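Student: I am new to this structure, and I would like to go through it slowly, with some reasoning behind each answer.

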Amino acid sequence: MGQTGDRPIRNQSQQARKKVRFSLQVGQPRYSRCPPNTLGIPTSLCLSSDGATTNSSQENKTGEGEGHLDSPVLAKKTVVFMAESHVGNRPVDPAAAPESSLAGTLLPSTGQSPAPSSLEFERELLRQKGFSRNLINTLLQSRKESTTKIYAKVWRKFLAFHPTKLAGEVPITAILEFLQRGRELRLSVSTLKVHVSALGALFNYNVAANRWVTRFISACQRAEPVHVPRLPAWNLTLVLDAFTQAPFEPISSTSVKCLSLKTAMLVALVSARRVSDLHALSVDPPFLSTTRDSLILKTDPSYLPKRATKFHRSQEICLPSFYENPSTQDEEKYHTLDVKRAVLAYLDRTSPWRQSRSLFVSFQGSRKGSAVTSGTISRWIRDAITMAYLTKGEDPPLGIKAHSTRAISSSWAERANVPIEQICKAATWSSPSTFYSHYRLDLSSTEDLTFGRSVLNTVCPPK
């Protein structure tokens, strides 16, 4: 918006043929056409394209201008001031190319900015379909809040790209052009698949099953194949060996920080679960129980995993003992990796100041004793790997991710001839294809070097 003293305010690129006249307050100079300070414009001015023009050059009694295209008109209720865009109106960007406003907005055009909540966005969509309030509340529980936020973001982008009404049929060409725009912006294939799922939820039909969409995704995969890491991101043997010595042992005198890091890492490795699952573990019975040779943990019933099926919500986490009664020096060393021992020691150490029934609690600061977040558990796992490398005098690898524990633990289990059914059950994979496509690592790569080295060793004189 420009500040002008001798002509009406208007956006030259967006509304080239309309002018907006602002009412002046008492005492304000008549020659100033700047808006009053009390308007408090945050960042942008959105103009609705629904306003109709007539051939009349008169202003009506309400002050709403309905005159010639070049005559100034007073701002109607469809002029909306807001800080961020929504599906009904888009902010005017003077530097952007002219774009058409959204005809048939999904949210009512009012003088107030709609609630930014993605749940409220979808609630409005379901309300326009004629669903009752109770039915809407039930349908909103079908997805996780994080998924709803992602979908709502895609919906807003699509409705800005292709103005439409939910009642009308959206041509597949519009969806394909929207996906093509995302590809030109160098979005990954996985992100484009999320867009497809979001649009299917918006228009209530299986967009992914359309043969043109399938062909488009296949073309993107061929042009930009997905590279799945086949080599371990870090050395499991090195990390476990570091856990058998200082500063992680002896467990009775180690710091609560080292005990927390080691416990979180061992639980993540032995269970092969997501960090979000570890965050939902509780120490209250019956969610924690001990047997002679194991420790059984369950997630809180209110916890919704990534896939909230009965299979994914009912799987227990079994943490077995490891050399519980050592008789040799080596067995005593291996017993320090007993995850049951680590968890019980962790619970005993944190019991005096524990304020939460969650398994993992903060050990420092003002939140000491309170439940930690999933992000904190992820950081503990990364720190445990880093500290283990430094303990062994090695440089820690770059880009360590806590999620890598699922791939490494399940791959080592497969190498130990654990049946694939047990691996999938422990990691809550409903199909072995998930493991083979996304998590299986090539652990035999170092052994494959034996042949080549034996050939080169021929140059070495015999000893």
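The questions below deal with a predicted model and turn to its nonpolar cores, a buried arginine and a surface patch.

Student: Which helix gives the most residues to the largest nonpolar core?

Tutor: The largest nonpolar core has 59 residues, and Trp 234, Phe 243, Met 265 and Phe 360 touch the most other members. Leaving aside neighbours within four places in sequence, Met 265 is in contact with residues including Trp 234, Phe 243 and Ile 381. With nine residues, the element that gives the most to this core is helix H8 (residues 256–271).

Student: Is Arg 273 buried or exposed?

Tutor: Arg 273 is found in the loop between H8 and helix H9 (275–279). Not counting residues up to four places away in sequence, Arg 273 touches several residues, among them Leu 278, Gln 315, Ile 317 and Arg 406. Because its relative accessible area is 3%, and the cut-off is under 20%, Arg 273 counts as buried.

Student: Which backbone oxygen lies 3.0 Å from a polar atom of the side chain of Arg 273?

Tutor: The backbone oxygen of Glu 316 lies 3.4 Å from a polar atom of that side chain, so far as the distance asked for is concerned it does not fit. The backbone oxygen lying 3.0 Å from a polar atom of the Arg 273 side chain belongs to Ala 426.

Student: Where is Phe 131 found, and how exposed is this residue?

Tutor: Together with Leu 135 and Leu 139, Phe 131 makes a nonpolar surface patch of about 210 Å². Phe 131 is found in the loop between helix H1 (118–128) and helix H2 (133–139). Since its relative accessibility is 31%, Phe 131 counts as partly exposed.

How values were computed. Residues are numbered from 1 along each chain as its sequence is written. This is a predicted model: local features need pLDDT of at least 70, side-chain atom pairs count only at pLDDT 80 or more; totals for chains, interfaces and linings use all residues. Side-chain values use heavy atoms; hydrogens and water are left out. A nonpolar core is a set of buried Ala, Val, Leu, Ile, Met, Phe, Trp, Tyr and Cys residues joined through side-chain atoms within 4.5 Å. Buried means under 20% relative accessible area, exposed over 50%, partly exposed in between (1.4 Å probe, protein chains only). Helices (H or I, at least four residues) and strands (E, at least two) are DSSP runs, numbered from the N terminus. Contact means heavy atoms within 4.5 Å. A polar contact is a pair of N or O atoms within 3.5 Å; within protein, one must be able to donate a hydrogen and the other to accept it, and residues adjacent in sequence count only if both atoms are side-chain atoms. Patches are made of residues with over 30% relative accessible area and no salt bridge: like charges are joined within 9 Å, nonpolar side chains (Val, Leu, Ile, Met, Phe, Trp, Tyr) within 5 Å. Accessible areas come from the Shrake-Rupley method with a 1.4 Å probe; for residues, only the protein chains shown count as cover. A salt bridge is a side-chain nitrogen of Lys or Arg within 4 Å of a carboxyl oxygen of Asp or Glu.
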